[in-house]
Amino acid sequence: MFSISKAVAFIAFVGVALVLGWVALLQATQTEASDQTVAVPAPEVPINSFSYQGVEGGYQNHVENVATTIPEELLPAIKGLTFVNGCHPWTTSKLGKCALGTFDPAGWDVDDSVGHKWSNTIWVSTRAVTTGTTSDVVLHEAGHAFVHHFFDDCYFPRQAEKSVKELLVAHFAHDQAPPAELLADAFVVAYGNGEGRRHTYYLDKFNYSVSDDALAAVRAAVWLCSR
Ligand SMILES: [Zn+2]
């Protein structure tokens, strides 16, 4: 169906934020990454050391190594989180396919129950690794985690009537795109390093350009709210 010679990789990317009482599930579609040369690490022997359903495990060490490379400012977001190479059970069930990444603070299972042993995890699929998007998926999910852990009870000076989370979600309000996903992609833009095209599925899908003011607000919020 698609010509490999055109070096077109279609990547379904779903970032899912699962928060107590608030579940955002976004539709996977496709995005284009052209002419990318992806250095795919050699797979390890898959070991499901977590004994969770959905674990792939062939790139567990790679995912953990990439997670250690996120900028220092974001480290508070992933403190206490476990990175899992695999397909999150609830997300996979809702999408009918394996998402590139999932942040799950509550341990969601396929029957919509919470409290399972994979609470406080970030899942990064093997597909994210083999398509060269691991670091951007990690940043996107770390963005969700940062918002979840730090932005609810944090206030910009002289804007005490609304939390930082409310203000940023309002800033990213969109008639079609989920603002939480645009915000998580803004973390990728704000904190991604290196050359090359970033994997920002929602920004691309909705042709959304994050303003310099919005990036400054995200960075300021990260600085302020993790103190
Ligand atoms: Zn997301």
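Here is a short conversation about how the helices of this predicted model pack.

Colleague: Let's start with the overall picture: how many helices and strands does the protein chain have?

Modeller: The protein chain has nine helices and seven strands. Of its 227 residues, 41% count as buried. Among contacts in the protein chain with a separation of 6 or more, 62% are between residues 24 or more positions apart.

Colleague: Thanks! Now to helix 5 and helix 7: why are they called oblique to each other?

Modeller: The axes of helix 5 (residues 134-151) and helix 7 (residues 179-191) cross at roughly 120°. Perpendicular pairs run from 65 to 115 degrees and antiparallel ones lie over 145, and an angle of roughly 120° fits neither class, so the two helices are oblique. Their axes come within 8 Å, and the crossing is right-handed.

Colleague: Which residues make that contact?

Modeller: From helix 5 come Asp-136, Leu-139, His-140, Ala-142, Gly-143, His-144 and Val-147, and from helix 7 come Leu-183, Ala-184, Asp-185, Phe-187, Val-188 and Tyr-191. By class, that gives eight nonpolar, three polar and two charged residues.

Colleague: Tyr-191 caught my eye: what makes it buried?

Modeller: Tyr-191, which lies in helix 7, has 22 other C-beta atoms within 10 Å. The cut-off for a buried residue is 20 or more, so Tyr-191 counts as buried. Leaving aside residues up to four places away in sequence, Tyr-191 touches Pro-71, Leu-74 and Leu-139. There is also Arg-219, 28 residues apart from Tyr-191 along the chain, with 8.7 Å between the two C-alpha atoms.

Colleague: On to helix 6 and helix 9: what makes them roughly antiparallel?

Modeller: Helix 6 (residues 164-171) and helix 9 (residues 212-225) pack at an angle of about 165°. Angles over 145 degrees count as roughly antiparallel, so this pair is placed in that class. Their axes are 11 Å apart, and helix 6 passes helix 9 in a left-handed crossing.

Colleague: And which residues meet there?

Modeller: Val-164, Leu-168 and His-171 of helix 6 meet Ala-214, Ala-217, Val-218, Ala-221 and Cys-225 of helix 9. That contact divides into seven nonpolar residues, one polar and no charged.

Colleague: Next is helix 1. How do you know that its buried residues line one face?

Modeller: In helix 1 (residues 60-67), the buried residues are Gln-60, Val-63, Val-66 and Ala-67. Looking down the axis of helix 1, they fall within an arc of 130°, so they line one face of the helix. The buried residues of helix 1 pack against helix 2 (75-78), strand 5 (82-85), strand 7 (121-124), helix 4 (126-130) and helix 5.

Colleague: Since helix 5 is in that list, why are helix 1 and helix 5 called oblique to each other?

Modeller: The axes of helix 1 and helix 5 cross at roughly 60°. Parallel needs an angle under 35 degrees and perpendicular starts at 65, so this pair is oblique. Their axes come within 10 Å, and helix 1 passes helix 5 in a right-handed crossing.

Colleague: What residues meet in that contact?

Modeller: Val-63, Val-66 and Ala-67 in helix 1 meet Thr-134, Ser-135 and Val-138 in helix 5. By class, there are four nonpolar residues, two polar and no charged.

Technical notes: Residues are numbered from 1 along each chain as its sequence is written. This is a predicted model: local features need pLDDT of at least 70, side-chain atom pairs count only at pLDDT 80 or more; totals for chains, interfaces and linings use all residues. Axes are lines fitted to C-alpha atoms, for helices over the stretch in contact, and angles run from 0 to 180 degrees between N-to-C directions. Helices (H or I, at least four residues) and strands (E, at least two) are DSSP runs, numbered from the N terminus. A crossing is left-handed if the near helix is turned anticlockwise from the far one by less than a right angle, and right-handed if clockwise. Two residues are in contact if their C-beta atoms, placed from the backbone, lie within 7 Å. Ala, Val, Leu, Ile, Met, Phe, Trp, Tyr, Cys and Pro count as nonpolar, Asp, Glu, Lys and Arg as charged, and the others, Gly among them, as polar. A residue is buried if 20 or more other C-beta atoms lie within 10 Å of its own, exposed if 12 or fewer, and partly exposed in between; C-beta atoms are placed from the backbone. The arc is that of the directions from the helix axis to the C-beta atoms.
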